[in-house]
Amino acid sequence: ASQQLDTFSSTALKLSLCSRVGKFDGKKTERQCVAHKIYVKKHIIDIFSVLIFLIVYHKRSPRVGKFTEDILLNFLKFSNFFCHCEQVHELFSKSGDVKRIIIGLDKIKKTACGFCFVEYYTRGDAEHAMRFINGTRLDDRIIRTDWDAGFKEGRQFGRGKSGGQVRDEYRQDYDPARGGYGKLAQQHRPTEVRNSF
Amino acid sequence: MEFFICIKTYKSYENTIKKPELMPSFTLLKAAHGGQTGVFPGPIVAPGGQAHKRRRTSEPIEIEDRLESLICRVGEKSTSSLESNLEGLAGVLEADLPNYKSKILRILCAVARLLPEKLTVYTTLVGLLNARNYNFGGEFVEAMIRQLKETLKNNLYSEAVYLVRFLSDLVNCHVIAAPSMVAMFENFVSVTQEEDVPQVRSDWFVYVVLSCLPWVGKELYEKKDVEMDRLLSQIEGYLKRRVKTHVPMLQVWTADKPHPQEEYLDCLWAQIQKLKKDRWQERHILRPYIAFDSVLCEALQHNLPPFTPPGHMPDAQYPMPRVIFRVFDYTDAPEGPVMPGSHSVERFVIEENLHCIIKTHWKERKTCAAQLLSYPGKNKIPLNYHIVEVIFGELFQLPSPPHIDVMYTTLLIELCKLQPGSLPQVLAQATEMLYMRLDTMNTTCIDRLINWFSHHLSNFQFRWSWDDWSDCLTVDLEKPKPKFVKEVLEKCMRLSYHQRIVDIVPPTFSALIPADPIFTYKYPDESASSLPGYPMSITVSNAIKNRASNEEILTVLKEVPNPNQEDDDDEGESFNPLKIDVFLQTLLNLAAKSFSHSFSALGKFHEILKTLANSDEGKLHLLKVLYEVWRNHPQMIAVLVDKLIRTQVVDCAAVANWLFSQDMAHEFTRLFIWEILHSTIRKMNKHVQKIQKELEEAKDKLEKQQHKRDMDKNSEDEEGQLEEQIERLQEKVESAQSEQKNLFLVIFQRFIMLLTEHLVRCETGSVDISTPWYKNGIERLQQIFLMHHATIQQYMGTLENLLFTAELDHHILAVYQQFCALQL
């Protein structure tokens with residue numbers, strides 16, 4: 001959606017100036033590190049709309065062998081890209097006006113894979129979300145929110161090797177709402193009958 | 001040598017205090033001193049929640065930080081008794097007075113102001129210090145008075161109350177002489193004799209005096225009963241002549257049964273009267289100083305300097321009056337300790353302390369919940385009931401809750417987690433009681449109840465005994481109870497999906513289930529071929545799918561006949577409802593898949609939409625079509641209207657006119673209408689504030705530039721530019737304010753028209769005016785005043801002259817008069 005016509009919006013989209021804050025390797029000189037820190041710190045202070053990187057946790061208890069019609073439907077609804085966006089909007093609007101939501105996609109399949117970015121117009125609203133929505137449930141699942149330095153095109157794709165979230169690479173349990181077993185575990189269980197959704 | 005001894009003392013003292021996992025007070029003081037809060041941004045500092053984890057690993061090395069930590073943590077859970085901790089801490093601080101006096105003074109003044117729930121712990125500490133060092137006691141009192149003056153100057157009235165209460169409790173600790181405290185109270189009460197001041201000003205001074213009496217009434221009466229009697233009778237006289245027009249607007253229920261909704265000063269007065277009758281015996285407040293009586297009574301007391309309350313300033317913002325919320329009484333807690341009566345002073349003290357705890361810790365819900373549940377003296381009271389009542393009291397407070405609504409939801413969830421065996425039942429009981437009294441509940445409070453309940457259910461798998469509420473199915477669906485259930489289910493659906501809601505309610509509730517949120521297209525297939533716009537809808541749809549440019553699409557649309565126009569009047573520029581209908585229906589149909597698709601569509605075709613809707617009628621019709629296609633999906637309507645306003649396709653007044661139009665009359669009582677209206681007003685307000693801020697910033701810049709000018713001749717150009725910019729911004733502010741005023745005028749005008757129509761019709765038909773529609777209407781009018789009172793204050797003059805004149809029906813005028821009474 002073209003945002004440049006938002007007359008009521010903040011200057012948050014100038015986030016493109018803010019380089020992606022990655023881990024810096026020890027090879028950088030001290031001066032460069034300090035400069036990097038100051039640069040990003042300055043922009044974090046300037047940012048008054050902050051993104052929240054949201055990860056949907058799977059439920060602790062594995063559902064081995066126990067899927068029913070209900071769970072199937074639930075999964076379909078949940079992984080339904082469009083339905084998810086509306087729930088997220090409703091929930092996160094409780095802490096302030098949401099500017100936009102960008103759903104995280106599986107890099108290969110281009111379907112929702114359980115995370116998204118929520119952007120607010122003001123920092124205060126994003127802080128409220130961190131205080132009061134983080135750790136509560138959305139669609140029966142506990143969600144976790146984290147600050148994010150800024151959305152850039154390309155960041156909406158999962159960075160796991162199989163295309164989804166990194167956490168789903170290593171997951172040991174079976175969770176039908178998250179595609180069954182974790183990707184690595186799937187490779188070790190070739191004889192298991194899996195439902196294909 | 002001394003230094004090492006001090007360190008040793010610290011160590012042994014610290015070892016006696018089990019380091020709590022969360023250091024709420026410490027973090028709080030840090031926050032209050034302008035340090036970091038518990039929520040940290042991004043990767044530079046440790047990501048995620050709690051500051052305390054960092055504190056623990058990087059232990060404060062400086063003595064000063066240690067002092068602060070020690071002082072803040074006294075009174076929290078510990079292996080030793082509170083008395084021995086206080087004794088130990090007093091010793092440590094006394095030893096440090098020579099070197100760190102100002103720091104200790106500062107910390108103690110801060111805890112007096114910011115940790116009111118631990119009032120008596122700190123007054124005891126000050127008492128012990130005063131007993132050991134008379135001069136320090138005197139300096140502390142002086143520092144407190146200075147702080148009191150500062151808080152009053154800066155409109156920090158709730159903090160000022162805590163400071164005065166602290167001073168009054170110092171009488172109990174033999175730090176301050178009782179007669180001087182009485183003198184201060186007398187000065188406060190004399191404010192009631194002032195003329196031409198807002199009532200809220202004298203209210204506040206009376207409130208301060210009354211709210212200190214549970215702590216110090218006994219002591220003051222023992223020393224100065226004649227003066228106190230005179231004081232109380234003065235207060236009584238004032239309370240009798242107070243104007244109470246504002247009370248109905250602030251009451252959560254309009255009925256007095258089962259619990260009257262008392263105005264806060266009236267309730268407190270009744271409580272103090274009862275306390276007096278009980279000869280000032282107060283048994284609830286924790287008073288550690290009693291254990292130190294032998295030490296403290298040896299101490300020399302100080303006199304408070306004469307304190308004249310600062311005069312009234314025009315920009316003073318006194319606290320608004322409020323109504324005491326009661327939902328429980330002693331009959332409601334089935335077993336265990338009895339709940340103190342509504343006019344007992346214990347009730348006041350408990351509620352006051354619980355409010356203080358929430359005020360201190362609201363930003364950190366886990367800490368807040370833990371602190372609430374570890375309330376000292378909890379074994380003698382039904383604590384869960386008090387907590388639930390206080391939380392709901394804040395949530396339903398009018399005009400607005402002290403903190404953001406969603407905080408209360410998560411706090412209650414946290415409390416349920418910590419007390420899974422008892423609190424959920426109390427909460428369910430409270431919900432049941434609130435449901436039963438819906439018929440007389442204020443509409444604004446019902447809105448908040450709907451939002452709270454649906455959000456709460458979404459965290460607990462939507463489990464609820466809906467059958468218990470099947471009585472709502474037997475009455476007119478417009479009545480408050482079925483309406484409430486309907487709106488709750490709609491909100492629940494927004495947090496899940498339609499089938500889920502169908503599954504969670506019994507089949508008997510099917511009439512209350514929200515509609516499946518699907519798009520309603522006028523031109524879906526050949527069945528619509530008889531409609532005038534059908535052929536064009538196919539053309540436009542293909543054009544969009546083939547990525548035609550805006551000009552191409554506009555050309556295509558030129559062919560759409562205008563049902564309003566004469567054939568020979570061919571300008572093609574005027575309002576063509578069919579054009580709008582065809583384009584918007586087709587576009588939104590193609591984008592119906594999700595929010596993102598629809599936003600994208602509105603953004604891409606922004607120019608066309610602006611062209612089509614370039615008149616007031618155009619804007620209105622655009623919104624009408626939007627409603628037609630998405631009438632089953634109110635959430636979508638709300639977000640699209642928001643986008644249309646932000647991209648200036650429609651203006652705020654157009655949205656207001658649309659919501660009040662005849663076409664939307666059948667939806668007038670639905671919650672989503674009012675959410676859209678209030679969101680629209682808020683956007684308008686934020687817009688004005690933003691431009692005002694830009695103007696202020698430009699003015700500041702100019703000032704700075706003018707200072708520089710004296711030193712550097714070259715900056716004259718910049719100054720000129722700045723002055724131009726300021727002029728432009730000034731115009732922008734004026735035009736924005738004019739738009740804002742117009743918006744309120746439109747809204748109030750439409751309200752008056754609708755409500756007057758209803759009242760006249762009822763009068764001529766000799767029918768009772770109080771229909772569910774009317775209750776909703778008049779309370780929605782109230783809601784506009786309450787939710788935007790700060791902004792509306794600016795336009796009172798215009799409103800009074802143009803709209804709320806004496807000719808208005810007295811029912812409607814009453815709302816306006818109650819609003820005016822809020823700040824008088």
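This text walks through a predicted model, from chain A to selected parts of chain B.

Start with chain A. Its secondary structure comes to 6 helices and 5 strands. Read from the N terminus, the order of elements is α-β-α-α-β-β-α-β-β-α-α. Chain A has 197 residues, and 52% of them count as buried. Its contacts also reach along the sequence. Take the contacts in chain A with a separation of 6 or more: 65% of them come from residues 24 or more positions apart.

Now turn to chain B, and to aromatic rings. Searching the whole structure, over all chains, gives 42 aromatic pairs. One of them joins Phe595(B) and Phe599(B). Their ring centres are 5.9 Å apart, and the planes differ by 35°, a tilted arrangement. Both residues sit in helix 25 of chain B, which spans residues 595-604. They are 4 residues apart there, so about one helical turn separates them. Phe595(B) and Phe599(B) are both buried.

A second pair spans a longer stretch of sequence. Phe660(B) and Phe751(B) meet edge-to-face, with 5.1 Å from centre to centre and 75° between the planes. The angle is over 60 degrees, so the pair falls in the edge-to-face class. This pair links distant parts of the chain, 91 residues apart. Phe660(B) lies in the loop between helix 29 (652-659) and helix 30 (671-709) of chain B. Phe751(B) belongs to helix 31 of chain B, residues 716-764. Phe660(B) has 7% relative accessibility and therefore counts as buried. Phe751(B) counts as buried too, because its relative accessibility is 1%.

Ring pairs also build a cluster in chain B. Its members are Trp253(B), Phe325(B), Phe392(B), Phe396(B), Tyr435(B), Trp452(B), Phe453(B), Trp464(B), Trp466(B), Trp469(B) and Phe484(B).

Tyr435(B), one of the cluster members, leads on to a charged residue. Lys481(B) touches Tyr435(B). Leaving out residues up to four places away in sequence, Lys481(B) also touches Met436(B), Leu438(B), Asp439(B), Asp471(B) and Cys472(B). Two aspartates, Asp439(B) and Asp471(B), are thus among the contacts of this lysine. Lys481(B) is placed in helix 20 of chain B. Is this lysine buried or exposed? Its relative accessibility is 15%, so Lys481(B) counts as buried.

Stay in helix 20 of chain B, which covers residues 480-494, and move to Met493(B). Met493(B) has 9% relative accessibility and so counts as buried. Which residues does Met493(B) touch, not counting those up to four places away in sequence? They are His498(B), Ile501(B), Pro514(B), Ala515(B) and Pro517(B). For Ala515(B), the separation along the chain is 22 residues, while its C-alpha atom is 9.7 Å from that of Met493(B).

The last stop is a helix pair. Helix 32 (residues 772-787) and helix 35 (residues 810-821) of chain B have axes that come within 10 Å and cross at roughly 30°. That angle makes helix 32 of chain B roughly parallel to helix 35 of chain B. The crossing of helix 32 and helix 35 of chain B is right-handed. From helix 32 of chain B, the contact takes in Tyr774(B), Ile778(B), Leu781(B), Gln782(B) and Phe785(B). Helix 35 of chain B supplies His811(B), Ile812(B), Val815(B), Tyr816(B), Gln818(B) and Phe819(B). By class, this contact of helix 32 with helix 35 of chain B has 8 nonpolar residues, 3 polar ones and no charged ones.

Notes. Residues numbered from 1 in each chain as written. Chains lettered and ligands numbered in written order. Predicted model: local features only at pLDDT ≥ 70, side-chain atom pairs only at ≥ 80, totals over all residues. Heavy atoms only, no water. Axes fitted to C-alpha atoms, helices over the stretch in contact; angles between N-to-C directions. Helix = DSSP H or I, 4+ residues; strand = E, 2+ residues; numbered from the N terminus. Parallel < 35°, antiparallel > 145°, perpendicular 65-115°, else oblique. Left-handed = near helix turned anticlockwise from the far one by under 90°. Contact = heavy atoms within 4.5 Å. Nonpolar A, V, L, I, M, F, W, Y, C, P; charged D, E, K, R; others polar. Phe/Tyr/Trp six-rings, centres within 6.5 Å; stacked < 30°, edge-to-face > 60°. Buried < 20%, exposed > 50% of the residue type's maximum accessible area, 1.4 Å probe, protein only.
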